[in-house]
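Welcome! Let us walk through this structure together, one step at a time, from the overall picture down to single residues.

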Amino acid sequence: MTNFDNNGGTTREDLMQRVALMESMIAEGRESTMRYGWIFVAWGVCYILAVLWSSIGPHPFLAWPVCLAITILGVSVGQARQTKAAGSGAFSSKSRTLGGVWMTFGIGISLFCAAAAASHHIGDPMFVSVLCFFLGTVNITSASIYRWKMQGLAGAIWWAAGVAALFVSPNDGGIAFLVATFLSQIVFGFYLMAKERRRASQQTIRAIA
Amino acid sequence: MSDFDTDNGTTRDDLVQRIALMEAMIAEGRQYTGRNSWIFVVWGVVDLIAISWQYYFRHFGGRWAWPICLFVGVILTFGGKMLQRRGQGYSKNDECARVMSVWGMMGLALGIYVASGILTHFDWQYSYMAAILMMIGMAHAISAMILHWRMQGLAAAIYWAGGVAILAFNSGKATTAIWLFEMGIVMIVFGLYATRVEPNHSRATGVRA
């Protein structure tokens, strides 16, 4: 036991503390993702509406800017309200890291989309595939950090759509994007919301008890 | 002070210990990146060789330049990692695991994306090249945020700027020059910086590896 207790100057107590800290951080990170399940749903609805509007609606050039603007505004307001309601102490450093991961992704994808739109590259066959790869990578990275298979599956669906978009016609690529949006944004978002509701009700029961 | 000392059952000592532990973990995470920074150098050299082969020795199987160089890069990375793992003192904490997750998933995403692009002959498109830089920038940005590392944040910004510039300039020559700068110079310089600066930083701050 002596070796284990003092291996490399790290005591058993230190190791136990680290394990406990890591476990609590992973749990907090997952909870943080669950709290924001509605954002997945909101973005999923935005993508689907924008694709449908740009395909069959009037003034198709307005579809993406309008849908994106409404979603960004709605998500920002909703998030601000949620943060205010939860109070400043409710978010751990790990939750902030998760927020940072998604923020980084948001900056990256916004820059890419803005540059692609300004330089008329949105029509490239690569564009849909790139979006799918970005979304898949951020989901799988988050899943890998929090060891969460369901989010990993959502990411894998995005990657599959990204690969499929390169091998099929642009129309079929659009369908792959819509299917991935439905499964990885809307279905996964509802799954997160259901888990969050269950967690909140368990917390309430515990508090009453 | 007494309120602070026992806020939510957490003593001041607990908090100080927790902060110290997290700071040590962040420092270890940076060192972990430093230990693995040879991978940046390897990929920088691999990219430089591939670009030179493709443009200056195109009659010597130029179309195979990227597939062969990428394959060699993957073999060198895996071989080097295996040798490193066999060495003494290889350990990783939660921060290291998160950084590893980010880069591992980004590597996997890039592998699938690049392979799909080459197989479907879309690898000439500017949006394809720009997306690779944006994805590498995202990995750097997430890692920089986890490790609170400004230099890596700067590397991320340079990659993102490169991605945007490729789409903005919209020309083959500019794309080659930007690609050469980002994948060759920035990759190698950051790799060498991380290798050399981090041990000095650790010695200066007295953080134990």
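Of the 209 residues in chain A, 33% are buried. Bear in mind as you look that this is a predicted model. Chain A is built from eight helices and zero strands, so reading from the N terminus you will meet the pattern α-α-α-α-α-α-α-α, with the strands counted as DSSP runs of at least two residues. Among contacts in chain A with a separation of 6 or more, 68% link residues that are 24 or more positions apart.

Now turn to chain B. Here too you can count eight helices and zero strands, and the elements run α-α-α-α-α-α-α-α from the N terminus on. Chain B has 209 residues, and 36% of them are buried. For contacts with a separation of 6 or more in chain B, 73% are between residues 24 or more positions apart.

Where do the two chains meet? The contact draws 36 residues from chain A and 38 residues from chain B. On the side of chain B that touches chain A, at least two residues each come from helix H2 (12–35), helix H5 (94–119), helix H6 (126–147) and helix H7 (150–169). H6(B) gives the most to this side, with 13 residues. Sorted by class, the side of chain B that touches chain A holds 24 nonpolar residues, 11 polar ones and three charged ones.

Next, look for the nonpolar core. In soluble globular proteins, nonpolar side chains tend to be buried together. The largest nonpolar core in this model has 88 residues, and those with the most contacts inside it are A:Cys132, A:Ala161, B:Ala130, B:Ala131 and B:Met135. H6(B) provides the largest share of this core, 18 residues. To see one member up close, find B:Met135: setting aside its neighbours within four places in sequence, B:Met135 is in contact with A:Thr137, B:Met106, B:Ala109 and B:Leu110.

H6(B) deserves a look of its own. Helix H6(B) has 22 residues and reaches 32 Å from its first C-alpha to its last, close to the 32 Å expected at 1.5 Å a residue. H6(B) is also mostly covered, with 22 of its 22 residues buried. After H6(B) comes B:His148, whose phi is positive, near 50°.

That brings us to backbone angles. Most residues other than glycine have a negative phi. In chain A, however, A:His120 has a positive phi of about 60° although it is not a glycine. You will find A:His120 in the loop between helix H5 (93–118) and helix H6 (125–146) of chain A. Is A:His120 buried or exposed? It counts as exposed because it has 10 C-beta neighbours inside 10 Å, and a residue with 12 or fewer is classed that way.

Chain B offers B:His121, which is not a glycine but has a positive phi of about 60°. B:His121 sits in the loop between H5 and H6 of chain B. B:His121 is exposed, because 9 other C-beta atoms lie within 10 Å.

Finally, visit B:Gln84, which has its place in helix H4 (residues 65–86) of chain B. B:Gln84 is partly exposed, since 13 other C-beta atoms lie within 10 Å. Its C-alpha atom is separated by 12 Å from that of B:Ser37, and the two residues are 47 residues apart along the chain.

Terms used:
Residues numbered from 1 in each chain as written. Chains lettered and ligands numbered in written order. Predicted model: local features only at pLDDT ≥ 70, side-chain atom pairs only at ≥ 80, totals over all residues. Helix = DSSP H or I, 4+ residues; strand = E, 2+ residues; numbered from the N terminus. Buried ≥ 20, exposed ≤ 12 C-beta atoms within 10 Å, placed from the backbone. Contact = placed C-beta atoms within 7 Å. Nonpolar A, V, L, I, M, F, W, Y, C, P; charged D, E, K, R; others polar. Core = buried A, V, L, I, M, F, W, Y, C linked by C-beta atoms within 7 Å. Expected span 1.5 Å × (residues − 1).
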